[in-house]
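Visitor: Please take me through a close look at a single part of this model, together with what surrounds it. I should like each term to be given with its cut-offs as it arises.

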Amino acid sequence: MRYADTIPGPIRVRFRALGIILLGGICAHLSASCSALAAQSPDEREQGTYWPSLDELGDAASTAMKAPGTWVPAIGAAVIGLGGWDAAVSDWARENTPVFGTQERAAETSTDLRTASHIVMILSAVLVSATEKPWRARLERLAWEHAGAIVTTGITGGVKGATGRLRPDGSDDSSFPSGHTSRAFAYAAASDRNIDAMGAGRAATWTLRGGTWVLAAGTGWARVEAGAHFPTDVLVGAALGNFVATFVYEAFLRKQDRLRIAVEPEGDGFVVRLRWRF
């Protein structure tokens, strides 16, 4: 059963409409950015004022690769694969289903947890504080974060088609990597940055961030208990989702979080307020 098939018809229509709106926002932003880039001088282009330079994109990719959410599951997948434990862990999880009780419940819960991860990403983006044009900033953030999730899904589908790995339950040859997990971790990585930018207290921030990763990890393990994926499928999916979401944030959203400028009237003149996040 596909993810979309689990959503009631009217809600599915609203999701599609939201997707069209978000895609339109991305296209509008890209068009405006390209127009502004064309009008810039060579020096301004080097600074990446309107669009990341090649160096900035390279830095974003490097940061995404170095993120623990990327390299930790990647190393875990390598260790399990080279150790020959992939099938053994999968068989044990399917036979014992220690967390979710049954394979059917694990399959259903994996979709529910992924949906919850998506909802958390949306809510956390809406709650991000912004001093100038807050709703425009939030909608732009949501557009880029959904773009990252869509790109993650596209890459996942391409790798599935190229590898053709049989699922543990033998249902089809789309096992590697896990699409549920890659999408959930893309949502979690985006939510993690949103929560950090909300400016909540330290304890609340770490609690909320921890909750987002629990949802994503639960999604992945549920896929293993359901017999839909091997552990390496899930771990590679987690690394992929985190990499793409982190890259998108570093390339297109970090400056929005770190430097905020507000010009406010004061007396007979005005005051410029800068807020810099270290």
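Guide: The answer below takes one helix, then its partner, the loop before it, and lastly some contacts elsewhere.

The model is predicted, with local features requiring pLDDT of at least 70 and side-chain atom pairs pLDDT 80 or more, while totals for chains, interfaces and linings use all residues. Residues are numbered from 1 along each chain as its sequence is written, and side-chain values use heavy atoms, without hydrogens or water.

The chosen part is helix α8, residues 179-197. Helices here are DSSP runs (H or I, at least four residues), as strands are (E, at least two), numbered from the N terminus. α8 holds 19 residues and spans 27 Å from its first C-alpha to its last, close to the expected 27 Å; the expected span is 1.5 Å times one less than the number of residues. Of the 19 residues in α8, 17 are buried, and the helix is thus mostly covered. Buried means under 20% relative accessible area, exposed over 50%, and partly exposed in between (1.4 Å probe, protein chains only). Just after α8 comes G199, with a positive phi of about 75°.

The partner to consider is α9. Two packed helices are described by the angle and the distance between their axes. The axes of α8 and α9 come within 9 Å and cross at roughly 180°, and the two helices are therefore roughly antiparallel. The axes are lines fitted to C-alpha atoms, for helices over the stretch in contact, and the angles run from 0 to 180 degrees between N-to-C directions. Angles under 35 degrees count as roughly parallel, over 145 as roughly antiparallel, 65 to 115 as roughly perpendicular, and the rest as oblique. Residues of α8 that make the contact include H180, F185, D192 and I195, and those of α9 include L208, R209, W213 and R223; contact means heavy atoms within 4.5 Å.

α9 itself has 24 residues and reaches 34 Å between its end C-alpha atoms, close to the 34 Å expected. Its buried residues include T205, R209, T212, A216 and R223. G227 follows α9 and has a positive phi, near 80°.

A salt bridge also joins these two helices: the side chains of D192 and R209 meet at 2.8 Å, N to O. The term denotes a Lys or Arg side-chain nitrogen within 4 Å of a carboxyl oxygen of Asp or Glu. D192 lies in α8 and R209 in α9 (residues 202-225), 17 residues apart, so the pair links distant parts of the chain. D192 is buried because its relative accessible area is 7%, and R209, at 18%, is buried as well.

Before α8 runs the loop from α7, and P177 is found there. The peptide bond from F176 to P177 is cis, with omega near -10°. D173 occupies this loop too and is partly exposed at 44% relative accessible area. Beyond its neighbours within four places in sequence, D173 contacts K160, G164, R165 and L166. The C-alpha atoms of D173 and G161 are 8.3 Å apart, although 12 residues separate them along the chain.

R165 brings this loop into a second salt bridge, with D86, where the closest N and O atoms are 2.7 Å apart. D86 sits in helix α5 (residues 86-96), 79 residues from R165 along the chain. D86 is buried at 9%, whereas R165 is partly exposed at 27%. Together with D233, these two residues form a network of salt bridges.

The whole structure contains eight salt bridges. One of them lies within α7, between E145 and R141, at 3.8 Å from N to O. These residues stand four places apart, and so about one helical turn separates them. E145 is buried at 7%, as is R141 at 0%.

The largest nonpolar core consists of seven residues: W144, A147, L240, V244, V248, Y249 and L253. Such a core is a set of buried Ala, Val, Leu, Ile, Met, Phe, Trp, Tyr and Cys residues joined through side-chain atoms within 4.5 Å. α7 and α10 (231-258) each supply at least two of its residues, and α10 gives the most, with five.
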